[in-house]
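Colleague: I am new to this structure and would rather understand one part well than hear a little about everything. Please choose a single part, look at it closely, and then show me how the rest connects to it.

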Amino acid sequence: MSMLFSPSSRCRHCLSPLSQRQYISHIKMVHHAFGYDEESEDGSYTFTNWTDYINEEDSTFYDDYFLFDGKYFVSSGEIRDGILYEWISLIGNPEESEKYRATLTLASPKFKVPRIEWTIRVLPFTMENRPDFKYCSGIPVQPILAKFVSRNCQSDRGDMREFVWKQKVTITKVDANSS
Ligand SMILES: [Zn+2]
């Protein structure tokens, strides 16, 4: 057990020094994170994301979390230069993350637009900023994400937000014998 803090051992939201093992309780207590402490049967978890600035500005979202296969996963995202980037990481041994894939699905309950799905690798959790874009979903805000957005809806935290969309994250275990 090391108690040393490297520069990346700080919460990327508030820069508090933390160990990775403290991260989930920190984002629950300090950032009122939304998440799932109970495992879903099919590995799917639904999150409500929002931004108040869909066209004009970059946005960073607070991390969400969920429990799957006895481990905590973190769902992270941001909008940069008109692209929504999202990535999924696992708190645990770095090798463990290689056993999982995440499928991100956007679907609109309101509009007749096709669903979109991205399958990405699960990364070892770090408190650093966005990983390389090849490990992220990359959805152009215009015209794609905007089609899935509802105006003036409740976020997961219960407050009203300007631009809101629902997203499903589905975790699957990679069959070690198939590759
Ligand atoms: Zn923090």
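Modeller: Let us begin with helix 1, whose buried residues are covered by parts of the chain that include strand 4 (64-68) and strand 5 (71-80). This is a predicted model, in which local features need a pLDDT of at least 70 and side-chain atom pairs count only at pLDDT 80 or more, while totals for chains, interfaces and linings use all residues. Residues are numbered from 1 along each chain as its sequence is written. Helices (H or I, at least four residues) and strands (E, at least two) are DSSP runs, numbered from the N terminus. A residue is buried if 20 or more other C-beta atoms, placed from the backbone, lie within 10 Å of its own, exposed if 12 or fewer, and partly exposed in between.

Helix 1 spans residues 23-31, and in it Tyr 23, Ile 24 and Ile 27 are buried. Seen down the helix axis, these buried residues fall within an arc of 105°, so they line one face of the helix; the arc is that of the directions from the axis to the C-beta atoms. The face turned away from this buried side carries Ser 25 and Met 29, both of them exposed. After helix 1 comes His 32, whose phi is positive, near 50°.

The surroundings of the helix lead into the largest nonpolar core, a nonpolar core being a set of buried Ala, Val, Leu, Ile, Met, Phe, Trp, Tyr and Cys residues joined through C-beta atoms within 7 Å. This core has 25 residues, of which Tyr 65, Phe 73, Ile 88, Ala 102, Val 122, Val 169 and Ile 171 touch the most other members. At least two of its residues come from each of helix 1, strand 2 (44-51), strand 4, strand 5, strand 6 (83-90), strand 7 (100-106), strand 8 (116-124) and strand 11 (160-173). In soluble globular proteins, nonpolar side chains tend to be buried together. Ile 171, one of the members just named, is in contact (C-beta atoms, placed from the backbone, within 7 Å) with Gly 43, Phe 68, Phe 73, Tyr 100 and Ala 102, leaving aside residues up to four places away in sequence. Separate from this is a second core of 10 residues, which includes Trp 50, Ile 54, Leu 145 and Phe 163.

Among the strands that supply the largest core, strand 7 has side chains that alternate: Tyr 100, Ala 102, Leu 104 and Leu 106 point to one face and are buried, whereas Arg 101, Thr 103 and Thr 105 point to the other and are not. Strands count as paired if DSSP finds at least two bridges between them, and strand 7 runs antiparallel to strand 11, to which 7 bridges join it. Within that pairing, Thr 105 stands opposite Lys 168. With strand 8, strand 7 pairs over 6 bridges, again in the antiparallel sense; there Ala 102 stands opposite Ile 120, and Thr 103 has Thr 119 as its bridge partner. Strand 8 also runs parallel to strand 6, joined to it by 3 bridges, with Pro 124 of strand 8 as the bridge partner of Leu 90.

A few backbone details remain. Most residues other than glycine have a negative phi, and most peptide bonds are trans. In the segment before helix 1 lies Leu 15, with a positive phi near 65°; this residue is exposed, having 9 other C-beta atoms within 10 Å. Between strand 5 and strand 6, the loop holds Asp 81, where phi is positive and near 50°. A cis peptide bond, with omega about 5°, joins Gln 142 and Pro 143, and Pro 143 lies in the loop between strand 9 (137-140) and strand 10 (150-154).

Taken as a whole, the chain has 1 helix and 11 strands, and 26% of its 179 residues count as buried. The average pLDDT is 86, with 89% of the residues scoring at least 70; pLDDT is the predictor's confidence in each residue, from 0 to 100. Over residues 1-5 the pLDDT stays under 50, and the model has 1 contact for them beyond four places in sequence.

Definitions and conventions:
Two residues are in contact if their C-beta atoms, placed from the backbone, lie within 7 Å.
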